[in-house]
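This report is meant to be read alongside the sequence and the coordinates. It begins with a pocket, moves on to the helices around it, and ends with some single residues.

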Amino acid sequence: MRVEGKRRSTKQREIVLQIVAQQKTHPTAGEVYGFARKCLPAISLATVYRNLHVLAGEGKLREVQF
């Protein structure tokens with residue numbers, strides 16, 4: 001059962017959040033994807049983008065556009 005507005009945490013989302021949290025600079029989605037592939041070789045770039053978007057929407061990350 002899902003409470004409205006709450007998403008369940010997935011392994012992919014947790015890995016993406018950990019990767020971003022460990023960086024000293026603001027990584028690009030491509031950089032996050034490269035690091036994530038080391039932990040989860042089957043992860044897709046679309047999954048990384050989707051999870052970055054979800055995490056930003058939840059306020060756990062901030063999106064910076066150049």
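## The largest pocket and its helices

The largest pocket holds about 420 Å³ of space. It is lined by 15 residues, and those closest to its centre are His26, Pro27, Leu52, Glu63 and Val64. The model described here is a predicted one. By residue class, the lining of the largest pocket is made up of 10 nonpolar, 3 polar and 2 charged residues. Two helices, H2 (29-39) and H3 (45-57), each contribute at least two residues to that lining, and H3 gives the most, with 4 residues.

### Helix H3

How far apart are the end C-alpha atoms of H3, and does that distance agree or disagree with the span expected of its 13 residues? At 1.5 Å a residue, H3 should span 18 Å, and its end C-alpha atoms are 18 Å apart, which agrees.

The buried residues of H3 are Thr47, Val48, Asn51, Leu52, Val54 and Leu55. Viewed down the axis of H3, these buried residues fall within an arc of 165°, so they line one face of the helix. A general property of the fold helps in reading such a pattern: an α-helix has 3.6 residues a turn, so residues three or four places apart point the same way. On the other side of H3, His53 and Gly57 are exposed. As for what lies against the buried residues of H3, they pack against helix H1 (11-22) and against H2. Just after the end of H3, Gly59 adopts a positive phi of about 80°.

### Helix H2

In H2, the buried residues are Ala29, Val32 and Ala36. Seen down the axis of H2, they fall within an arc of 60°, so these residues too line one face of their helix. The cover over the buried residues of H2 includes H1 and H3, just as the buried residues of H3 pack against H1 and H2.

### Three residues by accessibility

The table sets out three residues with their place in the chain and their relative accessible area.

| Residue | Place | Relative accessible area and class |
|---|---|---|
| Asn51 | helix H3 | 4%, buried |
| Leu61 | segment after H3 | 17%, buried |
| Ser9 | segment before H1 | 45%, partly exposed |

Asn51, within H3, has a relative accessible area of 4% and is therefore buried, the limit for that class being under 20%. When neighbours within four places in sequence are left aside, Asn51 is in contact with Thr10, Gln12, Arg13 and Val16.

Leu61 belongs to the segment after H3, and it counts as buried because its relative accessibility of 17% is under the 20% limit. Not counting residues up to four places away in sequence, Leu61 touches Leu17, Val20, Leu52, Leu55 and Ala56. Among these contacts of Leu61, Leu52 and Leu55 are also listed with the buried residues of H3, and Leu52 is one of the residues closest to the centre of the largest pocket. The C-alpha atoms of Leu61 and Lys38, which are 23 residues apart along the chain, are separated by 21 Å.

Ser9, in the segment before H1, is partly exposed, because its relative accessible area of 45% falls between the limits of 20% and 50%. Ser9 and Glu31 lie 22 residues apart in sequence, and from C-alpha to C-alpha they are 22 Å apart in space.

Terms used:
Residues are numbered from 1 along each chain as its sequence is written. This is a predicted model: local features need pLDDT of at least 70, side-chain atom pairs count only at pLDDT 80 or more; totals for chains, interfaces and linings use all residues. Side-chain values use heavy atoms; hydrogens and water are left out. On a 1 Å grid over the protein atoms alone, a cavity is a set of points where a 1.4 Å probe fits but cannot get out, and a pocket is an open set with protein on both sides within 12 Å along at least five of seven lines; lining residues have an atom within 4 Å of a point. Grid points are joined across faces, edges and corners, and a volume is the space filled by probe spheres set on the points. Ala, Val, Leu, Ile, Met, Phe, Trp, Tyr, Cys and Pro count as nonpolar, Asp, Glu, Lys and Arg as charged, and the others, Gly among them, as polar. The expected span of a helix is 1.5 Å times one less than its number of residues. Buried means under 20% relative accessible area, exposed over 50%, partly exposed in between (1.4 Å probe, protein chains only). The arc is that of the directions from the helix axis to the C-beta atoms. Contact means heavy atoms within 4.5 Å.
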